[in-house]
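Visitor: I'd like to learn how to read a model like this one. Could you walk me through it?

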Amino acid sequence: MAESITIIDNRTGNQLEIPIDHGGGGSLGVVQAPAGIWFYDPGSSRRRPARARSPISTAKRHPPLPGYPIEELAESSTYLEVAYLLLNGELPTAGQFEAWHHEVTMHTFIHENVRKRFLEGFHYDAHPMGMLVSAVAALSTFYLDAKEIFDPESRHKQVTRLIAKMPTLAAAAHRFSVGMPFVYPDNSLDFCSNFLSMMWKVAEPATNRIRS
């Protein structure tokens, strides 16, 4: 028997049956509600709102990830491993993670014009979040293939670019807001260490001079 939810209009006795699909109620049932009835949810404050159908849009207390308790992921997995899980439905093997880490690392740098012409064009007291949102939107003007939204290979490339460049852009926006110079990514560091370096690095480390 198919699972469903039945809504009864107590004014008329009419019933509306909404099928449950993958743990969620489809919006089609709401559209078919009696004329003049609106469903109001201020600020999407309900416990289980879903903006799109996906394996993780049936969130209860925590968003469930396919076959992996979120507490276990928080304790044992890295950011990039969880990102891979969200994209592919399973945690990477050692070989898959190595390839994924390399792919992300190759996209951490941003175009110089994003920094020199775009980010540095903001007023000195611009809010970092406004700068970050604007910079992300501006990336599509530097990567024209981003418009190929129906091409799986292009979509994957844009997702990889966003994951790789968000720490760079976020750190740049923060440092601009506090009057500190831009720090380039250091691809010898892991993902999180690289972000912290770009955020808080004060000066280049001292070099050891060899005396003759």
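Visitor: Where do I start with burial: how many of the residues of the protein count as buried?

Guide: This is a predicted model, and of its 212 residues, 25% count as buried. As for surface, the protein exposes about 15400 Å², with carbon and sulfur atoms supplying 58% of that area.

Visitor: And the fold? What pattern does the protein follow along the sequence?

Guide: Go through the elements in order. You'll meet β-β-β-α-α-α-α-α-α-α-α, that is, eight helices and three strands. For contacts, check the separation in sequence: among those with a separation of 6 or more, 45% are between residues 24 or more positions apart.

Visitor: Let's take the strands. How do β1 and β2 run, parallel or antiparallel?

Guide: Look at the bridges between the two. Strand β1 (residues 4-8) and strand β2 (residues 15-21) run antiparallel, joined by five bridges. To get the register, pick a pair: Ile 7 stands opposite Leu 16 in β2.

Visitor: What do β1 and β2 form, and what should I check in the turn?

Guide: A hairpin, with six residues between the strands. In the turn, check phi: Gly 13 has a positive value of about 85°.

Visitor: Now salt bridges. How many does a search of the whole structure find?

Guide: Five. For each one, read the N to O distance, then ask how covered each partner is. Take Arg 11 and Asp 9, whose closest N and O atoms are 2.8 Å apart. Arg 11 counts as exposed because its relative accessibility is 61%, and the cut-off is over 50%. Asp 9, at 14%, falls under 20%, so this partner counts as buried.

Visitor: Which side chain does Glu 112 meet in a salt bridge, and how far apart are the two in helix α5?

Guide: Glu 112 meets Lys 116, at 3.4 Å from N to O. Helix α5 covers residues 112-118, and these two sit four residues apart in it, so about one helical turn separates them. Both are partly exposed: Glu 112 has a relative accessible area of 28%, and Lys 116 has 47%.

Visitor: What about Glu 120: which residue is its partner in a salt bridge?

Guide: Arg 115, with the closest N and O atoms 3.3 Å apart. Here Glu 120 is partly exposed at 43% relative accessibility, whereas Arg 115 is buried at 13%. Follow shared partners and the picture grows: salt bridges join Glu 112, Arg 115, Lys 116 and Glu 120 into one network.

Conventions: Residues numbered from 1 in each chain as written. Predicted model: local features only at pLDDT ≥ 70, side-chain atom pairs only at ≥ 80, totals over all residues. Heavy atoms only, no water. Pairing = 2+ DSSP bridges. Salt bridge = Lys/Arg side-chain N within 4 Å of Asp/Glu carboxyl O. Buried < 20%, exposed > 50% of the residue type's maximum accessible area, 1.4 Å probe, protein only. Contact = heavy atoms within 4.5 Å. Areas by Shrake-Rupley, 256 points an atom, 1.4 Å probe, with all protein chains shown as cover.
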